[in-house]
Amino acid sequence: MDQHPPGVLSLTEVQAKTLQEYRRFTEAEIAPFANEWDRAGRLPRTLITEMGRAGYLGAMVGTAYGGGAYSLADFGLLNEAIGVGCSSARSVLTVHSMVTRAITRWGSTAQRERWLPDLAAGRRVGAFALSEPQAGSDAAGLDTTARRDGTHYVLDGTKTWITYGQAADAYLVFAGQRGQASAFLVDRDTPGLTVRPIDDMLGTRASMIAELSFDGCRVPGEALLGRPGFGLIAVAGDALDIGRYSVAWGCVGLAQACLESSLDYAGRRHQFGVAIGEHQLVQRMLTDMATTVSAARLLCLQAGELRQAGDPNAVAAVWMAKYFASTGAFRAAADTVQIHGANGCRPDSSPQRLLRDAKVMELIEGSTQIQQSMIARLLSGAA
Ligand SMILES: Cc1cc2nc3c(=O)[nH]c(=O)nc-3n(C[C@H](O)[C@H](O)[C@H](O)COP(=O)(O)OP(=O)(O)OC[C@H]3O[C@@H](n4cnc5c(N)ncnc54)[C@H](O)[C@@H]3O)c2cc1C
């Protein structure tokens with residue numbers, strides 16, 4: 001691959017080299033298998049091992065705990081590269097990084113020492129358990145309870161749509177009364193916790209989604225992450241910001257995959273005596289796609305720079321990046337199926353997978369509609 005894949009116009013030489021390194025991993029370990037994993041509805045554990053070995057699962061972890069302490073720009077480029085190959089794999093990177101970030105930011109020294117080295121190395125994988133059957137966009141409306149019982153807490157309730165929930169080793173769980181939830185780190189094998197697979201989702205089908213039931217699930221006091229009652233405002237808020245940033249970059253990768261696949265096919269497929277890429281209406285789709293990817297990448301770079309600098313505008317910048325990148329990725333994926341015609345609808349083709357995955361990106365980490373109202377509220381100081 002050239003240092004700059006087609007359509008990548010906006011990176012410095014150093015960033016382009018970094019992206020190239022991550023893309024090499026994707027091309028060896030992920031992209032050739034993405035359709036197969038999608039059909040099987042599973043990611044192999046060997047992928048986790050390889051991502052751990054490459055240092056990717058420790059991207060958000062400090063070097064003292066075996067992580068790579070990536071800059072936000074590098075973490076973004078990693079998400080782009082993995083997102084080019086497979087959004088299910090990128091989703092696991094997202095939720096795992098949300099958990100490692102939360103432990104790094106809010107954990108005690110004992111909690112960091114207990115969890116981070118294994119999570120950074122990929123010996124264990126973390127999942128993020130906030131959503132419930134009745135609490136989606138309105139995450140404050142949690143029904144799961146956490147009752148103090150001596151030195152322990154007792155969790156009762158149901159979490160749903162938990163990415164990699166089927167295979168994760170630990171869950172960051174939010175439980176408590178409205179607006180007063182606390183965050184808990186819960187081992188998978190804690191008695192009272194039942195994991196039920198949710199298979200055959202529309203998109204990110206290989207991300208091994210699960211429902212978690214907590215039925216008198218006793219966790220020790222040391223499982224509490226951060227201060228009691230600050231689970232949503234502090235722990236979830238910060239983790240979701242990183243998750244949103246990760247998804248935004250993942251959407252850049254998804255749209256980049258659309259662009260590369262569409263450019264390739266439009267050059268190979270001939271109709272009416274010429275390559276379809278010579279028809280102006282196809283060129284328009286390619287142009288829109290390339291422009292969208294480039295603009296989304298710039299918004300992501302901006303969000304990363306502002307967040308890295310601790311700029312208060314970073315929150316809005318991350319929302320904008322995710323909003324633009326996810327809606328753009330969906331349009332790019334729809335056009336990719338259009339350009340591939342019937343071949344893009346085949347069950348073993350990438351375009352139909354990209355389209356299904358792209359729809360999910362408009363729902364997670366703040367749906368399109370929530371973003372449409374939140375960005376204005378953030379900018380006017382109302383949020
Ligand atoms: C593949 C996948 C993976 C996921 N992984 C995880 C995970 O790992 N952990 C986790 O905790 N959750 C996860 N989720 C859940 C995800 O966070 C929720 O789907 C998301 O928060 C939206 O909630 P909801 O689906 O219940 O939709 P709802 O909140 O019920 O919304 C339904 C519709 O109403 C619209 N809507 C809602 N409120 C408003 C409003 N105020 N203004 C305008 N429109 C509104 C929404 O935009 C949407 O179109 C995942 C979901 C999917 C699909």
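Start at Gly-341, just after helix 9, where phi is positive at about 55°. Helices here are DSSP runs of H or I with at least four residues, strands are runs of E with at least two, and both are numbered from the N terminus. The model is predicted: local features need pLDDT of at least 70, side-chain atom pairs count only at pLDDT 80 or more, and totals for chains, interfaces and linings use all residues. Residues are numbered from 1 along each chain as its sequence is written, and side-chain values use heavy atoms, with hydrogens and water left out.

Now select helix 9 itself, residues 314–340. Its 27 residues should span 39 Å at 1.5 Å a residue, and the end C-alpha atoms are 38 Å apart, which agrees. The expected span is 1.5 Å times one less than the number of residues.

**Two more positive phi values**

Go to Ala-69, in the loop between helix 3 (45–53) and helix 4 (72–85). Ala-69 is not a glycine, yet its phi is positive, about 45°. At 45% relative accessibility, Ala-69 counts as partly exposed. The scale runs from buried (under 20% relative accessible area) through partly exposed to exposed (over 50%), with a 1.4 Å probe and protein chains only.

Next, pick Asp-200, in the loop between strand 6 (193–197) and strand 7 (210–220). Asp-200 is another residue other than glycine with a positive phi, near 60°. It counts as exposed, at 62% relative accessibility. Show its side chain too: Asp-200 meets Arg-205 in a salt bridge (3.4 Å, N to O). A salt bridge is a side-chain nitrogen of Lys or Arg within 4 Å of a carboxyl oxygen of Asp or Glu.

**Salt bridges inside**

By this rule there are 21 salt bridges. Select Arg-124 and Asp-187, whose side chains meet at 2.6 Å, N to O. Arg-124 sits in the loop between helix 6 (109–121) and strand 1 (126–129), and Asp-187 in strand 5 (residues 182–187), so the pair ties together parts 63 residues apart in sequence. Both Arg-124 and Asp-187 are buried.

Move to Asp-241 and Arg-307, where the closest N and O atoms of the salt bridge are 2.3 Å apart. This pair links distant parts of the chain: Asp-241 is in helix 7 and Arg-307 in helix 8 (residues 280–308), 66 residues apart. Asp-241 and Arg-307 are buried. Add Arg-101, Arg-105 and Asp-238 to the selection: salt bridges with shared partners join these and the pair into one network.

**Along helix 7**

Colour residues 231–268, which form helix 7. Its 38 residues reach 53 Å from first C-alpha to last, close to the expected 56 Å. Stop at Gly-237, where helix 7 bends by about 30°. That bend is the angle between axes fitted to the seven residues ending there and the seven starting there. Of the 38 residues, 31 are buried, so helix 7 is largely enclosed by the rest of the structure.

**The ligand**

Finish at the ligand, with 17 residues around it, each having a heavy atom within 4 Å. Ser-131, Ser-137, Trp-161, Ser-367 and Gln-369 come nearest. Look at Ser-367: an N or O atom of its side chain is 2.6 Å from an oxygen atom of the ligand. For Gln-369, a side-chain N or O atom is 2.7 Å from a ligand oxygen atom. Thr-163 has a polar side-chain atom 2.8 Å from a nitrogen atom of the ligand.

Conventions. Polar contact = N/O pair within 3.5 Å; in protein donor to acceptor, adjacent residues only side chain to side chain.
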